[in-house]
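Biologist: Could you take me through one helix of this protein up close, and then show me what sort of structure surrounds that part?

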Amino acid sequence: MDHSASLATFPIRRLRRRAEVLTVGIITAFILCFSVWCLVAPKQTFSENENRALASWPVYSFDTLKDGSYMSGIQTYLSDHFPLRDPFMTLKTKYEMLTGREEINDIYLAKDGYYIEAYKTPKQQKKIITQFQKLQDAITTGAKENVRVMLVPTAISTYNAKLPNCAPDRGVLRQVDTMNEIYAALPNMQKVDAWSALQAAAAQEETARTLASGDADGAQPVTDAGDTDRTQASGDADGAQPVAEAEDTGCDTSAMDGLYYHTDHHWTTHGAYVGYQAYCSAAGLSPIPEADFQKTCVTTDFHGTIFSKLHDSTVPGDAITLYENPANQLTVSYPDTGEVTDTLYNRDYLAQKDKYSMFLSNLHPLVEITNASADSDRQLVLIKDSYANSMVPFLVHHYQKIYVFDTRYYRFGPSSFINEHPEVTDVLLLYNMNTIDTDLGVGGIF
């Protein structure tokens with residue numbers, strides 16, 4: 001037996017054992033320190049990035065322990081309050097992108113820098129139709145003959161060609177099919193065809209983009225042109241317009257932003273203008289030319305609801321442009337808060353993540369808008385979701401008074417209000433097709 005060889009390997013085994021003990025010690029210390037950090041680190045109650053309340057520690061009881069809700073509540077709490085949660089989620093998203101994923105958390109990574117939500121077939125379509133019909137049936141004034149329905153398709157329909165080639169929603173316009181089924185079930189209501197207007201505008205936009213990108217000459221492809229626009233909009237490129245200067249110069253970003261925001265499910269102000277044109281066509285009104293509005297770019301750093309679902313903090317922001325008519329003489333009243341102002345915008349929201357809430361100052365059960373310079377004495381009741389908030393600035397030109405109802409919060413029934421105000425001449429139901437199925441306000445429409 002070679003004792004010299006055994007003695008020679010003894011120091012190596014001892015060093016290896018010490019290294020293993022040291023490694024285990026470091027890992028154990030890291031886990032303990034990280035666990036303590038998780039417990040003692042300051043906790044937030046609201047995630048501005050995800051625009052939602054974070055989970056609180058669950059209340060213990062024998063019943064919650066028995067049914068498993070207590071343990072699942074702890075798991076949700078720890079997930080919501082995990083240290084460095086946002087950077088880790090960004091890292092996860094980036095990894096999935098690098099592996100070739102084209103859909104993350106039901107968000108398609110579409111062309112031209114767009115992030116588009118997948119569409120889910122509605123489960124309460126019959127309820128939507130029933131509630132709409134109940135409203136018209138309940139109206140006893142002359143407004144009954146002027147009830148219009150405006151269902152707005154989202155980017156997954158209008159920008160369907162931008163979806164990844166293998167996306168299940170590409171080439172399948174289920175949203176439009178559902179929309180047409182609802183219209184067909186409401187033959188006594190006037191239809192506002194936002195789909196055709198947005199489809200035509202998207203075709204014009206794509207033609208202009210193709211010409212601008214130089215595709216005809218074999219130059220830069222369209223998708224690269226879109227990426228360049230996104231970089232400029234975020235202010236990352238050299239010479240890009242910062243927010244303050246953009247507001248001073250009143251930059252017009254309608255062509256750059258298109259019909260929908262890249263990181264949010266809403267349409268842009270330009271998209272809302274296209275919807276306004278469709279409404280005017282249905283209501284027999286003459287729309288104000290888009291060029292006649294005073295345009296102001298108020299931010300280039302809007303990160304919306306889709307951004308929150310994608311969890312990628314490196315995505316550039318969107319620009320928001322206001323279209324204002326200097327001729328308007330407005331009085332805007334919020335009965336729930338008692339506030340009265342002369343503007344349709346609350347710019348305080350520009351300092352927050354939820355910048356779209358600048359339109360009509362976020363959510364209110366009822367907003368009363370009077371325009372002393374309106375071109376008629378007609379009055380409109382608008383029952384809506386948040387898509388309508390950015391279209392109201394166009395509608396005020398045509399109505400002396402507009403009553404804006406959000407039936408998620410208004411509890412007294414718009415039909416009763418209309419019957420108590422016979423001076424109301426028109427009623428508009430405006431909802432986008434992406435969230436109408438889950439909109440709690442549908443139950444209180446009439």
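Modeller: One term before we start: a residue is called buried when its relative accessible area is under 20%, and exposed when that value is over 50%. Keep in mind too that this is a predicted model.

Let's zoom in on helix 8, which covers residues 194-213. Its 20 residues span 28 Å from the first C-alpha to the last, close to the 28 Å expected at 1.5 Å a residue. The buried residues here are Ala194, Trp195, Leu198, Ala201, Ala202, Glu205, Arg209 and Ser213. If you look down the axis of helix 8, those buried residues fall within an arc of 130°, so they line one face of the helix. On the face turned away from that buried side you'll find Gln204 and Leu211, and these are exposed.

Helix 12 (residues 269-283) makes a handy companion. Helix 12 has 15 residues and reaches 20 Å end to end, counted from first C-alpha to last, close to the 21 Å expected at 1.5 Å a residue. Helix 12 is mostly covered, with eleven of its 15 residues buried. Among them are Thr269, His270, Tyr273, Val274, Tyr276 and Cys280. Right after helix 12 comes glycine 284, with a positive phi near 75°.

Now for the packing. In soluble globular proteins, nonpolar side chains tend to be buried together. In this model the largest nonpolar core has 84 residues, and the members that touch the most others are Phe132, Ile369, Met391, Leu428 and Leu429. Helix 12 supplies the largest share of this core, seven residues. Take leucine 429 as a sample: leaving aside neighbours within four places in sequence, its contacts include Phe132, Leu135, Val147, Met189, Ile383 and Ile445, as well as Arg148. There's also a second, separate core of eleven residues, including Tyr261, Leu350, Tyr356 and Phe359.

Another helical spot worth a glance is threonine 178, in helix 7 (residues 174-184). At 7% relative accessibility, threonine 178 counts as buried. Once neighbours within four places in sequence are set aside, threonine 178 is in contact with Tyr119, Pro122, Gln125 and Met433.

On to the strands. Strand 9 (residues 318-324) has six of its seven residues buried, so it is largely enclosed by the rest of the structure. Strand 9 pairs with strand 8 (residues 294-302) in the antiparallel sense, over six bridges. Within that pairing, lysine 295 has tyrosine 323 of strand 9 as its bridge partner.

Elsewhere, three strands make an open antiparallel sheet in the order 3-4-5. Strand 3 (103-104) and strand 5 (115-117) are the edges, each pairing on one side only. Strand 4 (residues 107-109) and strand 5 are joined by three bridges, and tyrosine 108 stands opposite isoleucine 116 of strand 5.

Pulling back to the whole protein, you have 15 helices and 15 strands. Of the 446 residues, 49% count as buried. Of the contacts with a separation of 6 or more, 71% are between residues 24 or more positions apart. The accessible surface comes to about 21800 Å², and carbon and sulfur atoms account for 56% of that.

Notes
Residues are numbered from 1 along each chain as its sequence is written. This is a predicted model: local features need pLDDT of at least 70, side-chain atom pairs count only at pLDDT 80 or more; totals for chains, interfaces and linings use all residues. Side-chain values use heavy atoms; hydrogens and water are left out. Helices (H or I, at least four residues) and strands (E, at least two) are DSSP runs, numbered from the N terminus. Buried means under 20% relative accessible area, exposed over 50%, partly exposed in between (1.4 Å probe, protein chains only). Contact means heavy atoms within 4.5 Å. Accessible areas come from the Shrake-Rupley method with a 1.4 Å probe; for residues, only the protein chains shown count as cover. Two strands pair if DSSP finds at least two bridges between them. The expected span of a helix is 1.5 Å times one less than its number of residues. The arc is that of the directions from the helix axis to the C-beta atoms. A nonpolar core is a set of buried Ala, Val, Leu, Ile, Met, Phe, Trp, Tyr and Cys residues joined through side-chain atoms within 4.5 Å.
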